[in-house]
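Visitor: I am new to this structure and should like to understand the terms used to describe it. Please show it to me.

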Amino acid sequence: MDTECSSHEISSSTEKTNVVEVESVVQSWMVDYFFATLCRHFKARSGPEFHKALKIFEALVDELECSHRSGHHSQRTICCLLARVIDGEHLDVHYDRVTQITPLMSALPIWESLKEASNKDLHAKIKTLLIVQSVAVCVKKGNSKLAKETLQWLEKETEIPEKLQGKLTAIVSKKDAYDPLLMNLTFNQLLENIDMFLDAVNLERSSVFLLEAASKVVEARHERLEKTLSEQDRSERIPSSSESIQTEENEAQVDQLVLNMRLKRKLFSKQTHDPWKPETAKKTRTTSKRTSICKVSRRSSSPSELQSDVSVTSKIRRKWTVIEDRKLKAGVKKHGEGNWRIILNDFEFDNRTGVNLKDRWRTLKSKGEDF
């Protein structure tokens, strides 16, 4: 016990330097691990899990930046891009103080800053998809005013080929969510191309140590469990193999590493002035300032507020719009009458259910609508 205590005593500047270096390595491993986790959640299209991991990633990177030991600038920038794209279809989510700037609009300058990290063709394709989908999301949501403002913003802030600009202008003017351009350059294609970017980007520096260590712990537990069950079938005896002892030692070392990480996380700042936390324009309290386009700050309503909004609007019977009727007709034409759930998943309806689609279709047929 005395030996263990003395091993933790720091009595010289050299030892202090070593402790700082060791902590830096551990934190770097953790940042790399959560970066890989964020990429995995993005590819799985798991928004909630992505944003949970993002909070931890932010805390770790900010801690390293405060101590001037951050070497994860590219990873942070990529995560800024992923956060905005995964929220790309949610117009109520904002990463900028100007609420008219949608997540995909905010993603454009970040993608431009990653130009050197991807090949020329892939970069140009993703940029085109970001431009098209910035407008398309607004049109599909029936927000023609925001679509027009988005196009005007794009014309000022980024270079758009003249031909593409003309097509987008016509789409916004006609409010046509089913234009061939939008059907050929979809949001899913944007996600898939960013997946390709994540696969191609150089991730050699991303440590897999934590995953390997955790895998050894799990394997050791399974081996011990299998051995225990086998021995119980024969007779009750105490395991004495050197392999079992080595397994327990490995597990103890990794468990201690995890414990140290948990203790380290408790040292992170718990200030309420958190620029990464979703905010709402309706709140009266002071909001934090965004100092860089590479902040992953969300300025949307909190989950509880969003839930309450949905519950209130679901109780109010809303009139069907012309755009929704067109989507319903297109869905029935494509998938057939009765396949309401498939149509609901294929076309975007704002807070509609399969029953709503069925009732509206019956109403259209009774009116003798031209299909």
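Guide: The following exchange sets computed values against their definitions.
Guide: This is a predicted model, in which local features need pLDDT of at least 70, side-chain atom pairs count only at pLDDT 80 or more, and totals for chains, interfaces and linings use all residues. Residues are numbered from 1 along each chain as its sequence is written, and side-chain values use heavy atoms, with hydrogens and water left out.

Visitor: Why is helix α14 called roughly perpendicular to α16?
Guide: The axes of α14 (residues 322-335) and α16 (residues 354-366) come within 11 Å and cross at roughly 95 degrees. Angles of 65 to 115 degrees count as roughly perpendicular, so α14 is roughly perpendicular to α16. Asp-325, Leu-328, Lys-329 and Val-332 of α14 meet Leu-357, Arg-360, Trp-361 and Leu-364 of α16, where contact means heavy atoms within 4.5 Å.

Visitor: What makes the pair of Tyr-178 and Phe-347 tilted?
Guide: Rings of Phe, Tyr and Trp (its six-membered ring) pair if their centres lie within 6.5 Å; planes under 30 degrees apart count as stacked, over 60 as edge-to-face and the rest as tilted. The ring centres of Tyr-178 and Phe-347 are 6.0 Å apart and the planes stand at 55 degrees, so this pair is tilted.

Visitor: Why is Tyr-178 called partly exposed, and why is Phe-347 called buried?
Guide: Buried means under 20% relative accessible area, exposed over 50%, and partly exposed in between (1.4 Å probe, protein chains only). Tyr-178 has 23% relative accessibility and therefore counts as partly exposed; Phe-347, at 10%, therefore counts as buried. Residues of α10 that are buried include Phe-187 and Leu-190.

Notes:
Axes are lines fitted to C-alpha atoms, for helices over the stretch in contact, and angles run from 0 to 180 degrees between N-to-C directions. Helices (H or I, at least four residues) and strands (E, at least two) are DSSP runs, numbered from the N terminus. Angles under 35 degrees count as roughly parallel, over 145 as roughly antiparallel, 65 to 115 as roughly perpendicular and the rest as oblique.
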